[in-house]
Amino acid sequence: MRGNFSTITKMFSAGVVAAGLSMSSPAKAAEDTIKVGILHSLSGTMAISETTLKDAMLMLIEEQNAKGGLLGKKLEAVVVDPASNWPLFAEKARELISKDKVAAVFGCWTSVSRKSVLPVFSELDNILFYPVQYEGEESERNVFYTGAAPNQQAIPAVDYLMSEDGGSVKRWVLEGTDYVYPRTTNKILEAYLKAKGVAAEDIMVNYTPFGFSDWQTEVSAIKKFGSAGKKTAVVSTVNGDANVPFYKELGNQGIKAEDIPVMAFSVGEEELAGLDTAPLVGHLAAWNYFESVDTPENKKFIADWHKFIKNDKRTTNDPMEAHYIGFNMWVKAVEKAGTTDPDKVIDAMVGVSVPNLTGGYSTMMPNHHITKPVLIGEIQADGQFETVSQTPGLVMGDEWSDYLPDSKDLISDWRAPLSCGNFNVATGKCGGKGTN
Amino acid sequence: MILLRALGLMLVFLMASLLPSNAAEADLRAIIAKFATGTGFSAIEAVVRELAATGDPLVERPLAALAEGNLYIRKADSMVFVGNEAGDSVSLLDPLSGEKTGDAAKTDITKIKVNNTLRRVIRDALGTLTLRAKDPSVRIAAADTMFKTPDAANIEPLDAAIAAETDAKVKALFEQARAASVLVSDKPEADKLAAVALIGARGDRDALSLLTAVEANAQGAVKDAATAAIASINSSLALWDAGQNIWYGISLGSVLLLAAIGLAITFGVMGVINMAHGEMVMLGAYTTFVVQQVIRTSFPGLFDWSLVIALPLAFLVAASVGLIIERGVIRFLYGRPLETLLATWGVSLVLQQAVRSIFGPTNQEVGNPSWMSGSFDVGQLAVTWNRLWILVFALTVFGVLLYVMKRTPWGLQMRAVTANRRMAASMGIRTPWVDALTFALGSGIAGIAGVALSQIDNVSPNLGRGYIIDSFMVVVFGGVGNLWGTLVGAFSLGIVNKVLEPYAGAVLGKIVVLVLIILFIQKRPRGLFALKGRAVEA
């Protein structure tokens, strides 16, 4: 029953949307523009998160054009709608590259959508900028990962909770939505916690389906797990819409941040916008950017965003910053290479360094991940985060986790002569396999 | 900067010297001024401890403000104030007296940051200070804090508080808090054994948590007593857990019932496979959002009434949309289920995208009125208010609907048309209008379900998607065309789901339920309460 309905959904939404968009996508295609593809869902379940990123990209492109464009040409955005439908992501990516001849694509949110476009990008040799925190265990020549790898978000977050400032947590609940990102992240975290001497009975792992809305049992299980006389914290990889009912239930059952703090990896300013945050003050999130970060770059970015979107209340978030960094890196690499030819740009990307919004510089590393600071923030009553801890320096994205037995010997370096995304240092061969 | 700080301190002393009668207050001000000089959480923690150590009830105001994140430092003179935010400016209050001393722009002051550890320290400090508060709920909160963070130093103030306490309930809580503190003190074993007995009698999770810690650290008779108390608490909690699962199941069942009850009419009674049913629920939720938005901007005093106001509006909005859908699309498709399915599915996409275009793709904030927030305890079972009200609401809606169907002329016509359309038409019933109004009724009920669901779920364009499958499941399982079947179906699915969940997990639990339903439908294709008679075969 369920499978049938969702297939029908997909066919329908895909058809409707494809028909709508092929009419609206710009067809002028002047010779003197550089095209940039934007591959974010504008309908379906992921529209809630991805639409904002499409708008952020349009703003960045508009700003770049106001500055005089790139290589003397204007940039032109080509927006397509993969409609939260994973196979359609691959189709739309192919369309962007073969038909629209874009120079680079900015897009995807979920890991499964990224996985579905990977073959297209390597076959047609184009560039994808992926702006969302993800589970790692991947490094592709054609993809630049501007979101956080697990060691840029999950590990520092756990370190903070273990520290005295974070409450010296001894017992851990790993609560997640049932798909690849939480599963892999929790695998890494479990291995990491055990390496730090946490006993197996002090770790509870639980998964719920997408869009889960009845959290009573889970929250009371957390309460129960937390009453064993040891300081307990929840590390949440709960995704998207399921967060709002989760936090509502926490608030209603009276779980306070002082007693059992919840550290979330997928809850940003945008998710909190749909929520009364007063009962949640003190719960935590780990990101590389918060809207509340007090730097001139961020102030300007927020002001530009409000002007562009014509709404003072729209929040900014971490994936938006990732696109900001990624786009500026791409612009710089194109200028350095003097061409938009993907092969040359890919080679020029490594080592490019651009300002991020938290007051430092982010650099593209040879493994196609970037350096970022890690911030831990507490939810405030106004729906913003207040930074309570920040890594002293920048953290370099580690694509192959050191805590998983499958991937601990793997490294990635896309510079010649190695040019390999999964080099096994133990066997000295390219072509190792990670956990997923 | 140092000069300024010194100046600030001098100012404090100056004020102190002007009020020689209150030397203690001057001391407090001197301590409070240290908030401005310390950096880092540990420095602030030290100041908090120093303030708490004075034992002066006056420090409650600055400490409470600090915990709330309302304590500010004025950049110009490093003075510390309690701030009340109002738009871009903050009105500054004296930290001790609470009198207003002026306003400041947000850029001229810095908030003193607190983290969870610090909040805990402050809470503990306030616990001791508020033992003698006038409001019993504050004293209960104090007792609760002291119970959770036992400290041998607490025994003395608690003894004094117990002696002065008149409220029996608060007194009992104080005694439990004292017992908790005795267990970490160096009192004789007999005292500790009495304490274990007292805490064991409390019997809740906090007691369990405390005793587990005692068991790990104590020796001899105390350890044995703790072990025994833990065992007895655990066995009583196991019973409560079972009760809790049933309650959660009933609560989930009420949500399913609400979501499905409109469908029980459009699909169950009329036989229209209405894939746009979820979107009617969503429209109801968005109506609630709009109502709350208007109330927030124009009549903030009415906020607690927002849901009551939203109910009839949501019914009207969803019912009118339902009417338009029936008149515009569905009436041409009666008797063609596949086309109806596709057409209503298309309608649902149109509605979703329309809402997305108007309100944006992001979640909208629908607040809980105060009477729907929080929880209360029944024994060891925490019952949340919003779930309880939704249960009451679902049953009320069900009752009203049953009355309409069974006891009103309109309900009679509705049933007549369903049972035998041609005969009903021959008797003078205007069947097309009955169809239209029945569909509108089903849609309207979905709309008011949306008002309730907006309290526990996201209000986003995808809201309906999550409920459509469950709704069909309930109606098909309960028996198409039978309202009682929907009721029983909703509650049995809810309870089975929630009883399975703690053992199988949410993902597997749901799969098991689906498999069970498939098997059940194989055995009884017409559901739990099958309609009998000729109408069924028609």
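Start in chain B and pick out the open sheet of five strands, ordered β4-β3-β2-β1-β5 with antiparallel pairing. Strands here are DSSP E runs of at least two residues, helices are H or I runs of at least four, and both are numbered from the N terminus. Two strands pair if DSSP finds at least two bridges between them. Before going further, note that this is a predicted model: local features need pLDDT of at least 70, side-chain atom pairs count only at pLDDT 80 or more, and totals for chains, interfaces and linings use all residues. Residues are numbered from 1 along each chain as its sequence is written, with chains lettered from A and ligands numbered from 1 in the order in which they are written.

**The sheet in chain B**

Select β4 (100-105) and β5 (109-111) of chain B: these are the edge strands, each pairing on one side only. Look at how the strands twist: neighbours in this sheet are turned by 40° against each other on average, direction ignored. That angle uses axes that are lines fitted to C-alpha atoms (for helices, over the stretch in contact), and angles run from 0 to 180 degrees between N-to-C directions. Now add β3 (residues 89-93) of chain B, which runs antiparallel to β4(B) and is joined to it by five bridges. For a register check, click L93(B), which sits opposite K100(B) in β4(B).

**Zoom out to all of chain B**

Chain B holds 21 helices and seven strands. Its radius of gyration, taken over C-alpha atoms, is 31 Å, well over the 24 Å from the globule rule for 538 residues, so chain B is more spread out than a compact globule. That rule is 2.2 Å times the number of residues to the power 0.38. Along the principal axes, the C-alpha atoms of chain B fill a box of roughly 100 × 60 × 40 Å. Buried residues account for 47% of the 538 residues in chain B. A residue is buried if 20 or more other C-beta atoms lie within 10 Å of its own, exposed if 12 or fewer, and partly exposed in between, with C-beta atoms placed from the backbone.

**Across to chain A**

Show both chains and select the contact between them: 52 residues from chain A and 55 residues from chain B. Two residues are in contact if their C-beta atoms, placed from the backbone, lie within 7 Å. On the chain A side, the elements giving two or more residues are α1 (2-24), α2 (47-66), β7 (203-208), α7 (216-225), α8 (243-252) and β15 (385-390). The largest share, seven residues, comes from α7(A). Colour that side by class and you get 18 nonpolar, 20 polar and 14 charged residues. Nonpolar covers Ala, Val, Leu, Ile, Met, Phe, Trp, Tyr, Cys and Pro; charged covers Asp, Glu, Lys and Arg; the others, Gly among them, are polar.

Stay on α8(A), where 10 of its 10 residues are buried. Its buried residues pack against α7, β9 (262-264) and α9 (269-272) of chain A, together with β6 (375-378), β7 (381-384) and α15 (385-407) of chain B. Just after α8(A), G254(A) takes a positive phi of about 75°.

**Two domains in chain A**

Colour chain A by its domain assignment: domain 1 (2-149 + 296-372) and domain 2 (151-292 + 375-396). Those bounds come from an automatic or database domain assignment. The C-alpha centres of the two domains of chain A lie 28 Å apart. Where they touch, domain 1 gives 23 residues and domain 2 gives 21 residues. On the domain 1 side, α2(A) gives the most, with three residues.

**Backbone oddities in chain A**

Most residues other than glycine have a negative phi, and most peptide bonds are trans. Go to C108(A), whose phi is near 75°, in the loop between β3 (104-107) and α4 of chain A. C108(A) counts as buried because it has 31 C-beta neighbours inside 10 Å. Then try K310(A), with phi near 55°, in the loop between α10 (296-309) and α11 of chain A. K310(A) counts as exposed, with 7 C-beta neighbours inside 10 Å.

Last stop: the peptide bond from A416(A) to P417(A) is cis, with omega near 5°. P417(A) lies in the loop between β17 and β18 of chain A. Those strands belong to an open, antiparallel sheet of three, ordered β17-β18-β19. Finish on F423(A), which stands opposite C430(A) in β19(A).
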